[in-house]
Structures are given as C-alpha cells and as structure tokens.
Amino acid sequence: MAVELEGGQCRLRPFSCELGLLSRPDGSATFLQGDTSVLAGLYGPAEAKISKELPDRAALEVLLRPKVGLPGVLERSREQLLRQTCEAVVLGVLHPRTAISLVLQVLSDAGSLLSCCLNAACMALLDAGLPLAALFCGVTCALQPDGTILLDPTARQEQEARAILTFAISSSERKVLMSTTKGSCSVEEMQQCLAAAQRAATTIFQFYRDSVRRRYSKS
Amino acid sequence: MAAAFKTVEPLEYYRRFLKENCRPDGRELGEFRTTTVNIGSITTADGSALVKLGNTTVICGVKAELAAPAVDSANKGYIVPNVELPSLCAERFRSGPPGEEAQAASQFIADVIENSQMIVKEDLCIANGKLAWVLYCDIICLDYDGNLLDASVFALLAALKNVQLPLVTINEETGLSEVNLKQKNPLTIRKHPVATSFAIFDE
C-alpha cells in the first residue's frame, strides 16, 4: 500500500504491517517501511523484579537488538528514546508494580530505522491491548543540501542528507513526543520538517486503523 | 512541614511555586544555577575541566594517544567520548557495567561532537593512512543534581579548549614517529556548541 501526501512531494514508502504473528508475547507486530523492517514483541503487564518495580506505575523496559552484532551504545540511546516515548502514552498508573517489556528486533535496515521501530512499538502496544492515552507514530525527515525535505528517506538518501530528523508524533492534536536530530539544521528548517511530519502522521494513523480493522475482521 | 508536603504531594508543592513564577530554590524560570568552571586542574591529562552547575559536578579529562587511522577513512582521527555515572554521584546508580543513562549520555555527547563539527576528524590526522590522534574524552559525574547533559557538554568543550597536543612528525628515513614534547599546539575547535535543557510542567 503506497501512500502519497498532498502536493506529491513528500512521499512515504509502501507500508506493511502484520499483527499477532508471535505466539509467546502478549502482543507482537512486524512493521515494514519499504525495505526497512522491525519485529516487536511485548510482554506485560507481568510481575516485576523487586529491584525494578515502581510503587505507583508500571516499569517499562525496551530492548533493541540490531540485525548484526551485540547491542552497543547507539542501541541504548535509541532504547531510551523509545522508552520515554512509550512512557508518555502508556497508562502505567493502571498497573502499578508490574513490568512491561518491549523487545524490538531489526530485521533489515534500509533507512528510517528509528521511525520504523516507533511504528512497530505502537502496533505491538495495540496488539497487546495495553491501555494507551494516545497512539504515536514515527516519521523521519531528511534535509537535503539544497533545502528540500524528503520524508521516509532510504539509506542512500540519509547518507546524502545534510540533516536527518526523526519525530514521534502523538495521535492527539499531533503533539511531538520525541524529536532527535543527526546533523545540523536551522530552527526554521526544523519547524518545516516538523510540519511535514505532522501531515504525514495523519496518513500513518489511518494505516494503523486499517491494519487493526483487517486483523479483527478476519476473526 | 514543607518537606513533608513535598513528599506527599510533590506536584502540588511545585505548582505553589510556579504560580509565583519561581522555583523552590528561589530561581526564576529561565535562570541557571551558579556556574563555575575550573580549567586544567588534572595535570596527568592532556586537557581537563571541572564544571559545577549548582551542585551538579562534572569533570572531563582528555587524553591524546596515537593510532593508525581506519582503513576506510585514512585521513581521519578518532574522538571517543565516554560518560560515567559512578555510584558515588547518586544513590540510584549501582556499581557495575554502565547503565542505560550513562550509555545514552555517551551517545548524546558523541552526536553533539559529530553534528556540530566542533572538532573535524581530518584535523586529527598526522600522516594519511599511517598515524592519527585519538582523543579519549572521559566525562565523570561526581555529584548528580540534575541537568547532566548541559554540564557534560560544557565540561567537554572547556577541556578540549585546554588540550595542548605535542607536535608529531614522521621521520622519512626510519618511518617512525617522533614526538616533540617541547612544542605544543592547541586543538582547532571550529564550533562551540552550548547545551540547554528545558522541562515542561504540564497543567
């Protein structure tokens, strides 16, 4: 399913999603953006270790496994970003002293990996039926040397770009939950990228609806 | 009495202060804590700086070593930042391998160096494909009272400006490197990034 925004300039790659494909986790999802794909599995709310439990809310843990090699400092940094985004939407106060574990496995990386991880994480949260205050989606923007904005860049476009910005956009009022930048850009450029990402978020949320509808209309 | 109220109703405690547009320690909303910086205090390091933002204390030490450049980037040196949050700085950090916060902070500092281009790796190359500088930047938090990232970036910048690198030449006949400790040059710092952190208290 190829999605195209108004104006035709900012085009997202074909998306694909499969929910509930793993039998052991409480929720699982695989999300494909072009050739980039991430598999997410969610366990929870489950019993937490006493050292990790929080008295008034659920303790959320994210593990990101790269395709090749052991997780390094970059994966830890992305885990922190994903965890903080999920903590902003998950209603953890409904499940105190429990642990929610989200494990993400990178299956292939062809650009826009972090936003694919965000999308897979949200789909896994939906599939597990966890109480959420809002949905979120990830959008990556590449700022080319001449100033044009490309959404959902491929690996080659990311390499050539002057700056790469990834946003996590919430479904309520399109608020920004997370923003991370690689490279340098001006404040105006960042705001333009954010506006483009918020427009693209509408399309992604519609895709979420269609995926969930498809999943539950079968059974 | 106020301490008990702070423990029982922390949000309400802060709201009382925010209504008067100030914070429990008396600061305005846009005001930084008292900042002090002490440069060059570690004589065993090639460059060092100690930064205090209020009670948050961060020390950065830079050591320069020589290494062969990577095969795919023969004209680039290395900058390796590492942020440590030892169990000394706050009781929530246990001793052992670095936790998520320390690793995420190390990645953040590496991103700041790379994105701002404050040190261009090509400047660290001595001889193309043969010899380059490696700058190990160790940032250690001694007292964690919030705003670690701002203090770390500040300490890193101050320590890098303090670095004096000896002149290294390669002897053409022997092919070995010669280090001249008498002649030292500072690093070329192209950009000076400053980090500022904000918190949004949602009403």
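Trainee: How far is the sulfur of C117(A) from the closest cysteine sulfur?

Mentor: In this predicted model, the sulfur of C117(A) sits 6.4 Å from the one in C116(A), which is the closest cysteine sulfur and too far for a bond.

Trainee: And what distance would count as a disulfide?

Mentor: The two sulfur atoms would have to be within 2.5 Å, so at 6.4 Å C117(A) has no partner.

Trainee: Okay, is C117(A) buried or exposed?

Mentor: C117(A) is buried, with a relative accessible area of 2%.

Trainee: What about C137(A), which cysteine sulfur is closest to that one?

Mentor: That would be the sulfur in C122(A), but at 8.1 Å it's too far for a bond. C137(A) counts as buried as well, at 0% relative accessibility.

Trainee: So how many disulfides turn up over all chains?

Mentor: Zero, and that's from a search of the whole structure.

Trainee: Let's switch to cores. Which residues have the most contacts inside the largest nonpolar core?

Mentor: C137(A) comes up again here, along with F31(A), L102(A), L104(A), F136(A) and Y208(A). The core has 57 residues in total.

Trainee: Which helix gives the most to this core?

Mentor: Helix α2 of chain A, residues 113-128, gives the most, with 11 residues.

Trainee: You mentioned Y208(A). What is Y208(A) in contact with, leaving aside its neighbours within four places in sequence?

Mentor: Y208(A) touches F31(A), then N119(A), C122(A) and M123(A), and also L135(A), F136(A) and C137(A).

Trainee: And what lies apart from that core?

Mentor: There's another core, of 42 residues, and its members include A64(B), V83(B), I113(B) and I189(B).

Trainee: New topic: where does UniProt place a domain on chain A?

Mentor: The unreviewed UniProt entry puts "domain: Exoribonuclease phosphorolytic" at residues 12-131 and 135-199 of chain A. For residues 12-131, the end C-alpha atoms are 29 Å apart, and the span is 28% helix and 36% strand. For residues 135-199, those end atoms are 15 Å apart, with 29% helix and 42% strand.

Trainee: Last thing, pockets. What volume does the second largest pocket have?

Mentor: The second largest pocket has a volume of about 300 Å³. Its lining includes K76(B), Y78(B), P81(B), E114(B), Q117(B) and K121(B). I113(B) is one of the lining residues too, and we met I113(B) in the core of 42 residues.

Trainee: Which element supplies the largest share of that lining?

Mentor: β4(B) does, with four residues. Both β4 (78-84) and α3 (100-116) of chain B supply at least two residues each.

Terms used: Residues are numbered from 1 along each chain as its sequence is written. Chains are lettered from A and ligands numbered from 1 in the order in which they are written. This is a predicted model: local features need pLDDT of at least 70, side-chain atom pairs count only at pLDDT 80 or more; totals for chains, interfaces and linings use all residues. Side-chain values use heavy atoms; hydrogens and water are left out. A nonpolar core is a set of buried Ala, Val, Leu, Ile, Met, Phe, Trp, Tyr and Cys residues joined through side-chain atoms within 4.5 Å. Buried means under 20% relative accessible area, exposed over 50%, partly exposed in between (1.4 Å probe, protein chains only). Contact means heavy atoms within 4.5 Å. UniProt positions are given in the numbering used here, feature names are shortened, and annotations may be inferred rather than shown by experiment. On a 1 Å grid over the protein atoms alone, a cavity is a set of points where a 1.4 Å probe fits but cannot get out, and a pocket is an open set with protein on both sides within 12 Å along at least five of seven lines; lining residues have an atom within 4 Å of a point. Grid points are joined across faces, edges and corners, and a volume is the space filled by probe spheres set on the points.
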